[in-house]
Amino acid sequence: MMGYDMSWASFHVVEVMSSPRYHLKSMGYLAATQSFEQDTDVLMLTTNLLKKDLTSAKPLDVAVALNGLSHIVTPDLARDLSRDLIAMLTHSRPAIRKRAVLALYKVFMKYPDSIEYGMERMKERLEDPDTGVVCATVNVLCELARQNPQAYLPFAPPLFHILTTSNNNWMLIKIIKLFGLITPHEPRLIRKLQPPITELISTTPAISLLYECVHTCIIGGMLQGASGYSLAQTCVTKLAAFLEDSDQNLKYIALLALVKIVPSYPHLVAEYESRILASVDDQDLSIRMRALDLVSAMANRNNLQSIIQQLLSHLVKPDSSLSTTPTAAQSLVAAASSTVPTLPLSSPAQSSMAYRTTLSRRILSLCAADLYANVSDFEWYVSVLVDLAYVARAPVGEMIRDQLIDIVVRVKQVRRYAIQISMRILGDETFISGSGNGPDGEGAGCQEILAAAAWICGEFGSELSDVRKVLPSLLSADTEQLAPDIVAVYIHSAAKVFGIWAVELANHWDEDDLPEVKASAESIVSGLQEFASSPDFEVQERAANILQLFNFIRADLSSYRPKPKPEFPNGFADASTSVFDPVGTSEPHFPKSLYLLQPLFSAYPLNPVAPEAQASVAVPDGLDLDAWIVPQAKPVVEEHADGTGEIKKKKKDRKGKGKDVGEDGMKSKKNGKKKSKVPEDEMTQEDIAKADERATAKARRMEMLRDDPYYIIDDRPKSRQNLDVDSIPVIRLDDLPPLNSVDPVSRNSTPSRLPSLLRPSPSPQVSFAIDRGGEMPPEAVKQTIAPPSPFEQKPSPSATPARSGTPVMPPPSFPPYEVDDEVPNTSNPELVKVARIRKKKGTGTGKKKRVKDSADAVEALGADGGH
């Protein structure tokens, strides 16, 4: 009993169990129940002892044996004693029959084969004159039916008789549970059970029995049909009355039962919406969570807005005068008077971060269910997302960001409103710091909404009312305080916004706009220079790339000179006259760099992707998706003619010194000096054969290592003497056209393609149309996508946008401006004559001198050809 090991006394325990005296026998069985395990070796000695005690004439010995057997029973004991226990079900004493029924449950669990010949006797015990025996039998049947309910359908008649005649609430609860398990396997029981269960719900004062009746009605399918409607109405009325009860337990079980009824009869539960929403503001956290589950289940297109507004009000922080935290003066007064200051009850808005996070995520999941099926006004939902970012004070910024972008991409009619909201968010300093700079910590944990606002302004910048208000916000000094992923979006959006604004200025160009464009370009360049040296790689790369584009724009704006206004409204000469005047009127009257950025971002329209788009793409011929991209490299063992795999050293008598031959056919001296090549006329046939074998093995090894991604092959030549300098091609630049020439054909196509760069603004519409299907690939294979099974998790709607459609061609290149400080190199490079230099044979000592090859000449030729 104290937890100490007493396996050493197992045999002595068995001896005490066999004592004829009851007080010793009971001590022995108690010790056995506390110390014996399933693998105790002395249990095999207790079989005959238990048989003797079960058939004893003393009722106390039988009772203590039954109690001990239920604790120490093993599969072997259950097999040997099952028939003895079944025979004891007809014992003359009710107490023995009840203990035998309970002990049989453990025997059935250890030896399931005994259930076949024990069920008939168990069925007889349901009609036992003793109530205790009947209650014990019902308990055992209820537990056994959990594994195979269909096998217990023959017990329905006696169980129904007990249901209609018994007044024992605990036994009725067990019987109703048992009927809830077997009713799905026998639908005819529903009509039989509805009247007695309806009477129990209407008349019983026991809350536990009432809840079990409601639960059985739900899982047993009794709420279906015309008779089921009246039963459901009775259940909802009873449960709704518990929501106003002062007992927290009654509220909890009422909410728990209503959650199970609302899928079948949501309109009945919706009648008590005010009471349910009041439970969300309850002080008990468990009741609040159950109320959230019920609110989520009863939300539909008609009541979604009222439910969301009510949930948002619970996140708003109350007035500081109602704060639960005492002030310093109150604490000092309480300490002096040795009393505890009285504090008002806490509200959900001041509860833990976990609850606030759960409530915020529940709001987002309610609105996004079934791809925003319950949202009728998307402008309202955009404002809800922004309000939630201010009042949540929980880490839900990523979810708000994804949904905001997804809605703007899918619903075209909401883009103008989203642009206005995004401009206000970018100009607000509440979200700049991750901890929230607003009053009472507003905006904490939702900094990611800034990335969504910046992305929307950049992607749909044509809806901006005033671009000059957005650009300073994207590259201000406070941007450095944001997270790197948000800064990267800011940089990209700044380039998009400037590109859209530049095209609008080019279409309505006025020379008075030039100073403003120059100032904007200068401010953007100065802002990007701060991020070009950012430690974050993504921010650094985007800033560096866009900075180079703006350097070009700035240089173009600086070299731009105002020109007389042309006669044509689009800024270009007529296509019929541009061939005869290639330089004059073909020049635009605005800086050409204004059209540099927008074609980079607006070549394809942005559309949502269909969930089955990827699965509908046909697999190209010859592509095996199951094959390894890089085959697994295997180690290569060089095999030699002798089969030993060892590199043998061959000693040669040359001037009295032993020299080793390496793999590359070079002799290496033992004193560590440079290697020298063995003359071919001095090599024997054996040396040549071994050299060929080594070369073959090396080539095979290098071939396998070439496919190994973790092995870097040195492709540089080992010896520069093998270079064939004469084979290097020499390209003459005499016939190339001048750099400032322009193809007349491209000039003729310029006026027709340039206006297509501007995306027309969508026409305003009253109703909201959401793109639910998404876009499919142009060459998608038509497949029938099987609907997901109810047991599989439903994939969330994809918020990944895709650019598709026919790309809009960028405008043709204009003749480049000539910069004064750059002089074009029009002269052809002078050819360099390369001569092969051969080595001279050494004399005297027999050593050979290494002569420099013509590598310098090759490098000089390559350098001249690259200019």
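Student: Of the contacts with a separation of 6 or more, what share comes from residues 24 or more positions apart?
Tutor: In this predicted model, residues 24 or more positions apart account for 73% of those contacts.

Student: And what's the protein built from, in helices and strands?
Tutor: The protein has 32 helices and five strands. Of its 867 residues, 39% are buried.

Student: How much area does the protein expose, and what do carbon and sulfur atoms supply?
Tutor: About 50700 Å² is exposed, and carbon and sulfur atoms supply 54% of that.

Student: Before I look at details, what's the mean pLDDT?
Tutor: The mean is 75, with 69% of the residues reaching 70 or more. Helix α22, residues 397–410, has the highest confidence at 94, while helix α31, residues 744–753, has the lowest, at a mean of 37.

Student: Which stretches have pLDDT under 50?
Tutor: Residues 319–333 are one of them, and the model gives that stretch eleven contacts beyond four places in sequence. Residues 839–867 are also below 50, with 20 contacts beyond near neighbours in sequence. Where pLDDT is low, the predicted coordinates shouldn't be read in detail.

Student: OK, on to helix α16. Which of its residues are buried?
Tutor: Helix α16 covers residues 273–280, and its buried residues are Glu 273, Ile 276, Leu 277, Ser 279 and Val 280. They cover an arc of only 150 degrees around the axis, so they sit on the same side of α16.

Student: What's on the other side of α16?
Tutor: Ser 274 and Ala 278 are there, and both are exposed.

Student: Which helices do the buried residues of α16 pack against?
Tutor: They pack against α14 (248–261), α15 (266–270), α17 (285–298), α18 (304–315) and α20 (353–368).

Student: Switching to cysteines: how many disulfides does the count come to?
Tutor: Zero. Take Cys 235: the closest cysteine sulfur is in Cys 217, and at 4.9 Å that is too far for a bond.

Student: Is Cys 235 buried or exposed?
Tutor: Cys 235 counts as buried because its relative accessibility is 1%. Cys 142 is buried too, with a relative accessible area of 1%.

Student: And salt bridges, how many of those?
Tutor: The count comes to 19. One of them is in helix α22, where Asp 406 pairs with Arg 410, their closest N and O atoms being 2.8 Å apart. Asp 406 and Arg 410 are four residues apart in α22, about one turn of the helix.

Student: Why would that spacing suit a pair?
Tutor: An α-helix has 3.6 residues a turn, so residues three or four places apart point the same way.

Student: Are Asp 406 and Arg 410 buried or exposed?
Tutor: Asp 406 is buried, and Arg 410 is as well. Elsewhere, salt bridges that share partners join Asp 76, Arg 79 and Asp 80 into one network.

Student: What's the distance between Arg 79 and Asp 76 in their bridge?
Tutor: Their closest N and O atoms are 3.1 Å apart. Arg 79 and Asp 76 both sit in helix α5, residues 75–87, three residues apart. Arg 79 counts as partly exposed at 40% relative accessibility, and Asp 76 is also partly exposed, at 46%.

Student: What about Arg 188, which residue does it form a salt bridge with?
Tutor: Glu 186, with the closest N and O atoms 2.7 Å apart. Arg 188 is exposed, at a relative accessible area of 67%.

Student: Back in α5, how far is Arg 83 from Leu 104, C-alpha to C-alpha?
Tutor: They're separated by 10.0 Å, and lie 21 residues apart along the chain. Arg 83 lies in helix α5 and is exposed, with a relative accessible area of 57%.

Student: Last topic, backbone angles. What is phi for Asp 370?
Tutor: Near 55 degrees, a positive value in a residue other than glycine. Most residues other than glycine have a negative phi.

Student: Where is Asp 370, then?
Tutor: In the loop between α20 and α21 (378–391). Tyr 372 is placed in the loop between α20 and α21 as well, and has a positive phi of about 60 degrees although it is not a glycine.

Student: Which of those two is buried, and which is exposed?
Tutor: Tyr 372 is buried, with a relative accessible area of 2%, whereas Asp 370 is exposed at 53%.

Key:
Residues are numbered from 1 along each chain as its sequence is written. This is a predicted model: local features need pLDDT of at least 70, side-chain atom pairs count only at pLDDT 80 or more; totals for chains, interfaces and linings use all residues. Side-chain values use heavy atoms; hydrogens and water are left out. Buried means under 20% relative accessible area, exposed over 50%, partly exposed in between (1.4 Å probe, protein chains only). Helices (H or I, at least four residues) and strands (E, at least two) are DSSP runs, numbered from the N terminus. The arc is that of the directions from the helix axis to the C-beta atoms. Contact means heavy atoms within 4.5 Å. Accessible areas come from the Shrake-Rupley method with a 1.4 Å probe; for residues, only the protein chains shown count as cover. pLDDT is the predictor's confidence in each residue, from 0 to 100. A disulfide is a pair of cysteine sulfur atoms within 2.5 Å. A salt bridge is a side-chain nitrogen of Lys or Arg within 4 Å of a carboxyl oxygen of Asp or Glu.
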